[in-house]
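Welcome! Please take a moment to look over the sequence and the 3D view, then try the exercises at your own pace.

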Amino acid sequence: MNHSCAPYMLPAPYPAPASEIKPDPAVARRLLAAYAGSGGELTAVGQYFYNSLLAPVAGARAVGDLFACVSRVEMHHLELLGELILAYGGDPGFLAYQPNGRTAWWSGGYLSYDKQPANMLKNAIAGEQAAIADYRRTLTYMQDAPSARALLERIIADEEHHITLFNAALASL
């Protein structure tokens, strides 16, 4: 599949985390939730890739193209978060930590296997909203790292853009 994804992407660059980032295991662990938690970027990549394959089968090729392109953006977020986790001294393994501190390894069970394009879009909108809320909570842990905060704010801008795109696609069904 070859998609022209430019219409689905924001043109603003991603800020590079700077040298002011100091190892902080608590921040690294917090970022793992956005990286590979049940609502994290790895889940979004898998979900949107799956949706990109199934939406055309259900007669919604444009929705499939949208999901294919957004999955690529989410993969870039995954890469950026992995690098940020490393900068904070963490290991970007595909896991997150539950509130009780137990390890939760990433699972394909986090995905929705709904085959209806409208439901795919509704689930994507809810997932993006939850991701934004999680990023905003994470920002409160990063007071001493303006470059890391700027990177998360840029990722939030993408997630907000995805909500706009998914709402438009839903309205067009």
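Below are four short exercises on packed helices and one histidine, each with a worked solution; the model is predicted.

**Exercise 1.** Find how the axes of helix α3 and helix α5 are arranged.

*Solution.*
- Step 1: Locate the helices; α3 covers residues 61-87 and α5 covers residues 146-172.
- Step 2: Look at the axes, which come within 11 Å and cross at roughly 170 degrees.
- Step 3: Angles over 145 degrees count as roughly antiparallel, and α3 and α5 are therefore roughly antiparallel to each other.
- Step 4: Add the handedness: α3 and α5 cross in a left-handed way.

**Exercise 2.** Describe which residues α3 and α5 bring into contact, and sort the contact by class.

*Solution.*
- Step 1: On the α3 side, the residues include Val63, Leu66, Phe67, His77 and Leu84.
- Step 2: On the α5 side, they include Ala148, Leu151, Ile155, His162 and Phe166.
- Step 3: By class, the contact of α3 with α5 has 15 nonpolar, two polar and three charged residues.

**Exercise 3.** Work out whether histidine 77 is buried or exposed, and what its side chain joins in a polar contact.

*Solution.*
- Step 1: Place the residue: histidine 77 lies in helix α3.
- Step 2: Its relative accessible area is 0%. Buried means under 20%, so histidine 77 is buried.
- Step 3: The side chains of histidine 77 and glutamate 41 are joined by a polar contact of 3.4 Å.
- Step 4: Leaving aside residues up to four places away in sequence, histidine 77 touches Tyr14, Glu41, Ile155, Asp158, Glu159 and His162.

**Exercise 4.** Now turn to α4, and describe its packing with α1 and with α5.

*Solution.*
- Step 1: Begin with α1 (residues 25-36) and α4 (residues 117-139), whose axes come within 10 Å and cross at roughly 170 degrees. That angle makes α1 roughly antiparallel to α4, and the crossing is left-handed.
- Step 2: Arg30, Leu31, Ala33 and Ala34 of α1 make this contact with Asp134, Tyr135, Arg137 and Thr138 of α4. By class, there are four nonpolar, one polar and three charged residues.
- Step 3: Next, α4 and α5 pack at about 160 degrees, with their axes 9 Å apart. α4 is therefore roughly antiparallel to α5, and this crossing is left-handed.
- Step 4: The contact of α4 with α5 has 14 nonpolar, four polar and seven charged residues.

Definitions and conventions: Residues numbered from 1 in each chain as written. Predicted model: local features only at pLDDT ≥ 70, side-chain atom pairs only at ≥ 80, totals over all residues. Heavy atoms only, no water. Axes fitted to C-alpha atoms, helices over the stretch in contact; angles between N-to-C directions. Helix = DSSP H or I, 4+ residues; strand = E, 2+ residues; numbered from the N terminus. Parallel < 35°, antiparallel > 145°, perpendicular 65-115°, else oblique. Left-handed = near helix turned anticlockwise from the far one by under 90°. Contact = heavy atoms within 4.5 Å. Nonpolar A, V, L, I, M, F, W, Y, C, P; charged D, E, K, R; others polar. Buried < 20%, exposed > 50% of the residue type's maximum accessible area, 1.4 Å probe, protein only. Polar contact = N/O pair within 3.5 Å; in protein donor to acceptor, adjacent residues only side chain to side chain.
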